[in-house]
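Please load the model in your viewer and keep a selection panel open, as this tour moves from one element to the next. Each stop says what to select and what is to be found there.

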Amino acid sequence: MAPVNIQNIQKRYGQVKVIHDISVDIADGEFVVLVGPSGCGKSTLLRMIAGLEEVSDGEIHIGRREVSHLPARDRDIAMVFQNYALYPHMTVAENMGFALKLKKASPAEINAKVQKAAAILGLENLLDRLPRQLSGGQRQRVAMGRALVRDPQVFLFDEPLSNLDAKLRVQMRGEIKSMHQRIGTTTIYVTHDQVEAMTMADKIVVLHGGLIEQVGSPLELYDRPANLFVAGFIGSPSMNFIDGRIEEGVFRSDKGLILPLPEGLSIAQYGGRPLVYGIRPEHIRVATSGISGRVGIVEGTGSEIYAKLDCGGEEISCLFRERLNIRFGDQIDIALDQASVHLFDKASGKRL
């Protein structure tokens with residue numbers, strides 16, 4: 001195990017810069033998720049940490065060593081890819097122990113480490129099978145086991161669950177987190193799925209356009225997003241955003257909808273400025289009186305109801321956890337949790 005320190009990392013392809021001066025400190029044993037939309041630079045950053053991409057500028061430290069220009073084999077890391085990349089002619093045990101065999105470890109050492117990793121990942125009864133005889137989730141566990149037997153200082157995961165179905169992704173999320181809790185190895189995990197990031201990470205790094213937008217725990221990013229991008233990216237369904245201004249002690253949208261302000265706000269400081277009002281769908285409830293809206297889309301999942309309302313020309317998404325009998329075209333009133341309202345400066349996008 002070792003901490004990872006990334007200092008002012010940049011990556012250029014010719015004149016095109018794709019990673020802009022990124023710095024992140026990852027503590028020993030921490031599970032850090034790099035998350036962001038496609039093309040934000042998260043996989044490129046991970047590959048630079050792994051030694052699979054050259055660093056254009058800056059430094060990467062693993063433990064006490066600077067590894068910025070070391071080959072991947074000398075960095076004492078293990079990587080799990082989106083593609084399982086298993087040898088089809090080798091058994092599970094042979095796949096898991098192959099890296100140790102290349103290092104000329106003894107058969108007894110290889111067997112001991114393979115058995116230990118198999119026990120952690122629930123693969124004890126599959127060691128004699130070939131990859132074609134395994135399910136997708138089992139193959140991914142074998143790829144994880146191959147990394148685990150190397151006993152690296154750092155685990156790197158590059159979107160390892162993208163090829164799995166929804167139910168299996170949930171199961172594998174739990175298995176990866178459980179493995180980390182058992183062995184405590186520093187882990188850096190890349191995903192575009194914010195649900196994966198929220199459920200697995202000790203710390204999340206949100207990337208956008210090759211820049212860090214915010215670093216923090218899942219709840220910090222959910223409760224106190226730094227800007228409009230983070231607020232819209234973290235949380236599912238996405239936060240509602242409504243343009244408008246503070247006038248006469250209330251928020252008045254550009255289409256005339258009046259909304260309550262968050263508690264404790266200094267009205268004088270922000271009055272008249274173009275702002276964006278943010279409220280998450282799960283922080284809205286049905287009320288006997290309040291903001292009136294006409295029901296548009298209604299999607300029930302059994303445990304909750306997702307609905308879109310037309311409130312005076314503003315579309316507001318709601319996520320109701322109680323059982324409701326609402327249909328398209330119904331007129332209902334909603335109330336917003338004022339303690340969960342966010343205001344953002346429209347020009348800079350920053351949360352006030």
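Begin with a single residue pair in this predicted model: select D158 and look across to β8, where the bridge partner of D158 is V190. Widen the selection to the two strands, β7 and β8 (residues 186-191), and you will see that they pair in the parallel sense over five bridges. On another strand, β6 (residues 77-80), the pairing with β7 is likewise described by bridges, four of them, and these two strands run parallel; to find the register, select V80, which stands opposite F157 in β7.

Stay with β7 for a moment and colour its residues by accessibility. Is strand β7 (residues 154-158) mostly covered or mostly open? Strand β7 is mostly covered, with five of its five residues buried. Turning the view from one face to the other shows V154, L156 and D158 on one side and F155 and F157 on the other, and both faces are covered, since all of these residues are buried.

Now zoom out to the whole protein. The protein has nine helices and 20 strands, and its C-alpha atoms fill a box of roughly 75 × 45 × 35 Å along the principal axes. Of its 352 residues, 48% count as buried. If you display contacts between residues at least 6 apart in sequence, 67% of them join residues at least 24 apart.

Next, select helix α2 (residues 92-102), whose buried residues are V92, N95, M96, G97 and L100. Which elements should be shown alongside to see what covers the buried residues of α2? The cover includes α3 and α4. Before leaving α2, step just past its end to K104, which takes a positive phi of about 65 degrees.

With α3 and α4 already displayed, hide the rest and look at how these two helices meet. Helix α3 (residues 107-121) and helix α4 (residues 136-148) pack at an angle of about 135 degrees, and their axes are 9 Å apart. An angle of that value makes α3 oblique to α4, and the crossing of the two helices is right-handed. To see the contact itself, select A117, I120 and L121 of α3 together with R141, M144, G145 and L148 of α4. Colouring these residues by character divides them into five nonpolar, one polar and one charged.

Move on to the start of the chain and select strand β1 (residues 4-13) with strand β2 (residues 16-26). Seven bridges join β1 to β2, and the two strands run antiparallel. They form a hairpin with two residues between them, and in the turn G14 has a positive phi of about 65 degrees. Select Y13 to find the bridge partner V16 in β2. Strand β1 also pairs with strand β4 (residues 57-62), in the antiparallel sense and over five bridges; here Q7 is the residue to pick, as a marker that stands opposite E59 in β4.

The next stop is a single residue, V215, which lies in strand β10 (residues 211-216). Is V215 buried or partly exposed? V215 is partly exposed, with a relative accessible area of 37%. Select V205 as well, 10 residues away along the chain, and the C-alpha atoms of the two residues prove to be separated by 4.6 Å. Leaving aside residues up to four places away in sequence, V215 touches K203, I204, V205 and L221.

Finish with the sheet that holds β15 to β19. In what order do its five strands lie? The order is β15-β19-β16-β17-β18, in an open sheet with antiparallel pairing. Select β15 (284-287) and β18 (314-320) to see the edges: each has a single partner strand, so one side of each is left without a neighbour in the sheet. Neighbouring strands of this sheet are turned by 45 degrees against each other on average, if direction is ignored. Within it, strand β16 (residues 291-300) and strand β19 (residues 331-336) pair in the antiparallel sense over four bridges. As a last selection, take S292, which stands opposite D333 in β19.

Definitions and conventions
Residues numbered from 1 in each chain as written. Predicted model: local features only at pLDDT ≥ 70, side-chain atom pairs only at ≥ 80, totals over all residues. Heavy atoms only, no water. Axes fitted to C-alpha atoms, helices over the stretch in contact; angles between N-to-C directions. Parallel < 35°, antiparallel > 145°, perpendicular 65-115°, else oblique. Left-handed = near helix turned anticlockwise from the far one by under 90°. Contact = heavy atoms within 4.5 Å. Nonpolar A, V, L, I, M, F, W, Y, C, P; charged D, E, K, R; others polar. Pairing = 2+ DSSP bridges. Buried < 20%, exposed > 50% of the residue type's maximum accessible area, 1.4 Å probe, protein only.
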